[in-house]
Amino acid sequence: MTGSPFPHLLAPLDLGWVRLRNRALMGSMHTGLEDRAEDYPRLAAYFAERARGGAGLIVTGGIAPNRAGWLAPFAGKLTGRGELARHRLVTAAVHGEGGHICLQLLHAGRYAHHPLAVAPSALKAPITRFRPWALSTRGVVRQIDAFVRAAALAREAGYDGVEVMGSEGYLINQFIAARTNRRTDEWGGPFQNRIRFPLEIVRRTRAALGPDFILIFRLSMLDLVEGGSDFGEVIELAQGVEAAGATLINTGIGWHEARIPTIATMVPRAGFAWVTERLAPHVRLPLIATNRINDPAVAEAVLARGGAQMVSMARPFLADPEFMNKARDGRAREINVCIACNQACLDQIFEQQTASCLVNPRAGRETELRYLSASRARRIAVVGAGPAGLACATVAAERGHRVTLFERAADIGGQFNLAKRVPGKEEFEATLGYFRARLERLGVELRLSTEASAAALADGFEAVVLATGVVPRRPPIPGLAHPKVASYAEILSGRVTPGRRVAIVGAGGIGFDVAEFLSQPPGPPASLDAAAFARAWGIDTTLAGRGGLVPGGAPEARAERELWLLQRKASKPGEGLGKTTGWVHRLELRRRGVRFMAGVRYERIDDEGLHLTIDGRAELVPADTIVICAGQESERSLVAPLGARGITASLIGGAELAAELDAKRAIRQGAELAARL
C-alpha cells in the first residue's frame, strides 16, 4: 500500500478465485473451545473479533478427521453432517466481518492421548503414555478417506478452505519421517513411498472439492529431531504438494518431542524465517513464514525479503485482535504484543483449560469479559503501575472513567522492569510500550515518582484500587544481614554486582530468572539473534544433515560464574515452571553448569558462605554472593490508613496475593475489576 509503513504486509493476496485483504494469516491455535458443541458460540465470537480486527485469513484450531485422530477423547472432530451447524456459527461470524477462514485438519497419530491411537508403525511417542496401533494397508487408505470427507464437510459448513496439518510430528509427519515409519509396504520404505500419504490427501482433496477451495499444506521444513527429513526431501515434498494441487504452503518448525524451543520467548523474533526463505526458490506456490513473528515491522521485513508471501501469527492475534487494523491505521505503538510466554495459551491447554492470553485476558472470553461503556463516569485512583495497575487503569479509562494512576517509581512497569532484564524476556518491554501508548491515548493521569498517601486518595476519588505489588520475603536464616546477601531485585536491577560464586536461595520462577541472568554467556543474548540462537541450540543452518540438527547436539555453554540453585522442597527444581517452557529453562541451566540442590535446610550465612544440611549431612556452599529468591509478601501498607478514613480499597495482583510473581493473574484481576467498576 502506497504511503504505508507496511506495504508488503498490507498488500492483498490474489489466489485467483478469492482475494485476501492482506498477508497476515491468523495461524492455527487450539483454544479448547473447539471440543464441545456448546462452546461454539464463544468460538464464533472469538474468531469474529479477529476477523473484525483485520486478519487476512484465519485457520481454526486442529479438528480431527475421525476419532482415531483425536488429540484426546471427545476433542474436536468433523465426521458427519450432524456437526455442521456448530461450524456454520463460526463461518457465518467470520464472513459477517468480511474475513476468510480455513478449518485445520489435524490427525494426532501417535501423539494421541487415547487408546484408539493409530500410526504408520507401533512406536510410542515420548509425550504420551499410549502406544499406537500400526495401521494396516487398508487402514492407511481409510485415514486418507477421512481427510477428504472432512474437507468436503468443511466446505459444506462454509469454510473457505482447509489446512492439512503435515508437520509438528503429527500423523502425516510420522509417515514422512523414517524415524517413525518402519513400514515395508507401499506406504513405507523409500522416501517416495513415505510421502505418498500426504500427496494422496492433497491430490484427492483437490479432486473432490474443485479448484475454488483454499488448500493449505503445513509442511515440516525443519523437524529438529534425529531421523527427520533432510532439506532435499523437504524440497521434493513441497514440489509434490504443489503438483498435487495445494494453494499455499505453510511452514512447520519442530516436532512436539523436539528438545529445542521453537515458539517460546527465548526464540528470536522471526527466528525461523530463514528456513522458509531457503525453500522459496524451489516452488511457485505462495509460502507462509511462521514462528515468533509478533510485530508488523518484523512481518514487513520478512515479506520484503521475498522468501515468503504471507506471515503466520497465531498468538499475536490472541494478544491483540486489532493487530492488523492498528498496523493499517498507523497505530503500531498501540499493538498489545505477544510476549511468547505460553502461560495462558499453551500451558492452559495442556492443563485442560480454555486458552487465553497473559497480556489480553479477554482472549477466549469475548462473550463474558466485556469492556462496556460505564453508565456514569467515576473518579478512580489506582495505586501502583505494575501489570495489575496498568491493566485496571487502562480498562477503566477505556470504559469512560476518569483515572489517576499513582506510581512511586520514575517509570511504569513494576516487576516487569526486572523481568525484562532477564535474557529471553526482553519482550516484556513491548508490553510496557503498549501500556504507555494506551495511557496516553486514553488520557489517564499518570503521577510518576509519587508516593500515594491516604490523604491524597481520600481527596475526591470514588473508588481506590491498590495494585501496590510485593516486597521480597526475607526467610529466617541466621546471618541474613551479612554483606554477602542480596535480594533478587537488587541483582536484576543492577544495584548489586554479584561475585564469581553465587548461591541462589529459592528455585521457583524468580530463582530460575536470576540463574538465567547470572549465567548468560558474554555477548548479545541468543534470544535477540537468530544465528546465535541456532548455534546455542545446535540447529544446522546449512541444512546439510537430517532434521536440521548439528551432529553431536548443542554445544556446552559453561557460565563464567559458579552457580548453585537451591530449594527446601525435595521435588525436582523448576517443577512448578510452565509446562511447555520449564524443560527449556532446566536444560539451558544444566548446559551452563548450574548446580541444582533440592531438599536442603538453610543453617546459616557467614564469611565462609552458605551452610546447609542435606539428608542429615552438613554442606557448605562457598558463595561470594547469596541471592534471596524465597518468595514475596504483599505490600499493603495503605490498607490500614485508608480504613481509618472509611475507605475500603480493592486489592489486585501481588497486593491481593503474594504468590510466585504471576503477571497472568495480575493482569486478569486488573481487567476484571475495571470491567465491574
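## Burial of helix H21

In this predicted model, the buried residues of helix H21 are Gly582, Trp583, Val584, His585, Arg586, Glu588, Leu589 and Arg591. Because eight of the ten residues in this helix, which spans residues 582-591, fall under 20% relative accessible area and so count as buried, H21 is largely enclosed by the rest of the structure.

The cover over these buried residues comes from both helices and strands, including helix H19 (509-519) and helix H20 (530-537) on the one hand, and strand E20 (562-566) and strand E21 (595-597) on the other. Just after H21, glycine 593 adopts a positive phi of about 85 degrees.

## The five-stranded sheet

Strands E20 and E21, which help to cover H21, also belong to an open sheet of five strands, whose order is E18-E25-E19-E20-E21 and whose pairing is parallel. Its edges are formed by strand E18 (485-487) and by E21, each of which pairs on one side only, and from one strand to the next the twist averages 25 degrees.

At the E18 edge, the partner is strand E25 (residues 625-628), and these two strands pair in the parallel sense over three bridges. Within this pairing, serine 487 has isoleucine 628 of E25 as its bridge partner.

## Helix H19 against the sheet

Helix H19, one of the elements that cover the buried residues of H21, lies across strand E19 (501-505), E20, E21 and E25. Relative to E20, H19 runs at about 175 degrees, an angle taken between N-to-C directions on a scale from 0 to 180 degrees, so the helix and this strand point in nearly opposite directions.

How values were computed
Residues numbered from 1 in each chain as written. Predicted model: local features only at pLDDT ≥ 70, side-chain atom pairs only at ≥ 80, totals over all residues. Heavy atoms only, no water. Buried < 20%, exposed > 50% of the residue type's maximum accessible area, 1.4 Å probe, protein only. Helix = DSSP H or I, 4+ residues; strand = E, 2+ residues; numbered from the N terminus. Contact = heavy atoms within 4.5 Å. Pairing = 2+ DSSP bridges.
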